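Dear colleague,

Please find below the structure that I am passing on to you. My notes on it follow directly after.

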Amino acid sequence: MRLPGTRYQEHGWEQVRKLLGHCSLQAFRQIELRHAPEPEQHTLLLDAYTEAVAASLRAHQRTSRAEAPGNSYGDSVSELALSLLFELQAQPAFWQAFMEVMAAEYARSGEFWRDPAADGILRKKVNDMFVGLRDKVDADNYIVATGRDCSPNKIYTYRMLDTAYGEIARLFAAWEQHVEQVGAILGRELAGLPIEVRQMKSIGGCKAEWIIRWSESLERFEGSPGPLHTRSKRFASLKNSPEKISAMLAEIGDYEELSSNMDRGEDSLGEAALWMEDYWRVIGESEQQEAAPDVVDQILQAQEDAFAADQSDGDDAESEPGRRGAASGEEPGPHLEALPSAAQLAREQDAAVALSLSPRYLELARTAQDAGSWTLRVLREESLPIRLAVYHKLLGPADDSYPHAWLDPATGELPTLQQLAALDGISMPTMRKRRNEAIDKLYAADRAAS
Amino acid sequence: MSTDHNKDALEARLQERLLLSRAVPGDRLMLAEATLLAALDGSRPLTPNERTALQQSPLTLRRFRHLALERREAGQAANDPVWAGSAGMLRAASSAAVLEQMLTDDGYWTLHFLPEGEEWQVILTLSAEAPFAARLLREQPMLRVVDGGGAIILQGRLDADGECERAWPFEMAPAPHFQMYGASFAVEPVAL
């Protein structure tokens, strides 16, 4: 199923799910899961988990499962798995819920993740986390692409209808073996080839009442109740709203037709700069308008939905009334770092050589920084490896905008987090901690600017 | 890779990530389409509360990003030159026994003829130099090539390489066909 903006709703999802499960099991043997009961450890555990799974995904990159198409926009299974993994950072509620589940199981049966017999349970728990996450991410993607409201529940409903259509199409295709059931779906007795069977060419041609009757008669023909008629009542209200079903079926059908020969446009290098320019202009025009008090705020009210997450937003009241950095002319001039001493250079060179990087790696990488940049001003207290680790986390190991001098020629990417920690002469936990603190500084500075 | 342009791109990419990747539990669309569009075209600046709502909602910022880029693309399209059709003639030089290609007078379209056994393939190619190339590749309108007698030689949309290939639809080979039908052809957009 394809809908505007969604990426994780097509057949490739089964493989994405399995790959994430497989790589997660490997990751759990490398991270300190026994800290799951300590909420203050959750962020660090998520970092360690993300890194371990990402490494495992990269190791599996060349397998046939990973290379298989994950959707019809050209994303492979491993690309989708990796991007969903990184969505966890922006949707920490899913990780927190997972940690709580793990903590409860740990309290019951100790370090169960070390027991291969528990693999099935673990896989199931990971699966639950990513299943919820993919619908949340795709609901957001849908909103971004259309401006219309959506929720994970609604995505789930679209998918249920899509699956129901698939079942009906399967029965129609073999109508001679299912005369009675097809008759029940169509609501009449069949006399020869039913014309509907030939007319329904796509989900857009599927009628709401067929879905309702298919669900209603499913228990009779296949032994278990249909989705609109289960005791859980999840979709129960839909069976009385054929117009709602019709609209959703038509939407899936229309979009599938529209998108059938469409490639997803990749983000181009300059795109961020383009819309950020609009962003700063809109913010600036709004700031200049402060004096006009008679304009009424047009802020949307929250829509009713079963998926109501915690409403506390992360904004602290005492954010400074500062000015934004990059576009403002009132900032101090380019901040130049103190040049490293000869002794420091020698230390850096030893560390670089030990990692098979060029001896002058840090020296050249330092020169390649943009001395006047807002980022460097905010992070001027941090070491260069920490700053590179910040980019590593926020933009990934490879980004077209990275200067050449930052890349490890062996991989064409930024050095790994382990290498950066070694370059800085610090341990991995310290590296992660300092990197996250630096990112918090950027968020705080960004908020102060707004 | 260390040009100023890339430094700006790097800075913009990082700031974009900072705006869009922040975890905001319960985030939702905070501003209506009309509010965002009016702010983008400058007709109604955001109020302070709306501004705060935008800045604190990565989801609303992503919708803003989508609309801003869409608006820029539309503005770009309005500036691209419009194309209404091109025509070409069978030249003396191209009337040799085997006709390999024909060019429109504006030089932007080529028809290539490839023999395939007894049959022919005909390929319409758009020159990347054409001032309207970007628009046609983006909009992919239905195109038609007709001969001097008005018969359709080829109809279809350009692929990503600016080409459209079809089987030659007539019994007669391309060279005698054109000689019989006015020695000319035209490439036109098809109004649907």
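In this predicted model, helix α1 (residues 13-28) and helix α4 (residues 77-90) of chain A have axes that come within 9 Å and cross at roughly 60°. That angle makes α1(A) oblique to α4(A), and the crossing is right-handed. On the α1(A) side, the residues that meet the partner helix are Q15(A), V16(A), L19(A) and L20(A). On the α4(A) side, they are V77(A), S78(A), L80(A), A81(A), L84(A) and L85(A). By character, the residues of this contact divide into 8 nonpolar, 2 polar and no charged.

Further along chain A, helix α17 (residues 417-424) is mostly covered, with 7 of its 8 residues buried. Among them are L417(A), Q419(A), L420(A) and D424(A). The residue that follows α17(A) is G425(A), which has a positive phi, near 70°.

Turning to chain B, there are 6 helices and 8 strands, arranged along the sequence as α-α-α-α-β-β-β-β-α-β-β-β-α-β. The radius of gyration of chain B is 25 Å, whereas the globule rule gives 16 Å for 192 residues; the chain is therefore more spread out than a compact globule. Along the principal axes, the C-alpha atoms of chain B fill a box of roughly 75 × 40 × 30 Å. Buried residues account for 32% of the 192 residues in chain B. Of the contacts in chain B with a separation of 6 or more, 59% are between residues 24 or more positions apart.

With kind regards

Technical notes. Residues numbered from 1 in each chain as written. Chains lettered and ligands numbered in written order. Predicted model: local features only at pLDDT ≥ 70, side-chain atom pairs only at ≥ 80, totals over all residues. Helix = DSSP H or I, 4+ residues; strand = E, 2+ residues; numbered from the N terminus. Rg over C-alpha atoms; globule rule 2.2 N^0.38 Å. Buried ≥ 20, exposed ≤ 12 C-beta atoms within 10 Å, placed from the backbone. Contact = placed C-beta atoms within 7 Å. Axes fitted to C-alpha atoms, helices over the stretch in contact; angles between N-to-C directions. Parallel < 35°, antiparallel > 145°, perpendicular 65-115°, else oblique. Left-handed = near helix turned anticlockwise from the far one by under 90°. Nonpolar A, V, L, I, M, F, W, Y, C, P; charged D, E, K, R; others polar.
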